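Me: I have a model open and want to go through some of its strand pairing. Can you take a look with me?

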Amino acid sequence: GARTSGASRKGAANADADPGGRQLFERLLLASADAASRADCDPAALSAHAEAAFRFIGEKPKSGHRVGVREALPIAAGSSAGPVTVLEMVNDDMPFLLDSVLGEVQARGLVPSLILHPILKTRRDAAGRLEAVTAAGDRDWGDGRQESYISLHLDALEAEERDGLAA
């Protein structure tokens, strides 16, 4: 009969321990921040953001993108500031995507206090529902499984400004 290697068994065990790749997504999200931002993150606030972000990437149009805007607590440890506005998007990964998004945000006079931008491999069903985050992204953009999640944390915006960002 067929034998399973130790590495394959370990991979299966890890998949069982992290259904849907939620923990992997959180690690990739944190790793995408610069060192100063990582050092300044409140673990509970980061975990709450990762949970909301994982729910957000749960659905994405096939060969399309999804943009959302939401209010959140700041991730910086000890921050006494009020809520922040989080502009987030999930898209098929491509070169210069973050630069394009930042250019649009900066053209509106907005400056992100935190940028999170993990590149990840996903598995989705035919309707675009996330089945799993399977790995960190790589240089294989054309495989149809590589996606980019972008999260820009901005000073709190009024409803009209938030709506304009999502359009």
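Me: In which sense do strand β4 and β6 pair, and over how many bridges?
Reply: This is a predicted model. In it, β4 (residues 119–124) pairs with β6 in the antiparallel sense, over 3 bridges.

Me: What is the bridge partner of L120 in β6?
Reply: E147 is the β6 partner of L120.

Me: And β3, how many bridges join it to β6?
Reply: Strand β3, residues 114–116, is joined to β6 by 3 bridges, and the two run antiparallel. L116 has S151 as its bridge partner in β6.

Me: How many bridges for β2 and β6?
Reply: There are 9 bridges between β6 and β2 (residues 84–92), again with the strands antiparallel. One residue to look at is T85, whose bridge partner in β6 is L154.

Me: Why is β6 described as largely enclosed?
Reply: Strand β6 covers residues 146–155, and 9 of those 10 residues are buried, so the rest of the structure largely encloses it. Buried here means under 20% relative accessible area.

Me: Different topic. Where is E158?
Reply: E158 lies in the loop between β6 and α6, the latter being residues 159–166.

Me: Buried or exposed?
Reply: E158 is exposed, because its relative accessible area is 59% and the cut-off for exposed is over 50%.

Me: Which residues form the negative surface patch with E158?
Reply: E160, E161 and D163 form the negative patch together with E158.

Methods: Residues numbered from 1 in each chain as written. Predicted model: local features only at pLDDT ≥ 70, side-chain atom pairs only at ≥ 80, totals over all residues. Heavy atoms only, no water. Buried < 20%, exposed > 50% of the residue type's maximum accessible area, 1.4 Å probe, protein only. Helix = DSSP H or I, 4+ residues; strand = E, 2+ residues; numbered from the N terminus. Pairing = 2+ DSSP bridges. Patch = residues over 30% accessible without salt bridge, like charges linked within 9 Å, V, L, I, M, F, W, Y side chains within 5 Å. Areas by Shrake-Rupley, 256 points an atom, 1.4 Å probe, with all protein chains shown as cover. Salt bridge = Lys/Arg side-chain N within 4 Å of Asp/Glu carboxyl O. Lys, Arg positive; Asp, Glu negative; His and termini not counted. Charge placed at Lys NZ, Arg CZ, Asp CG, Glu CD.
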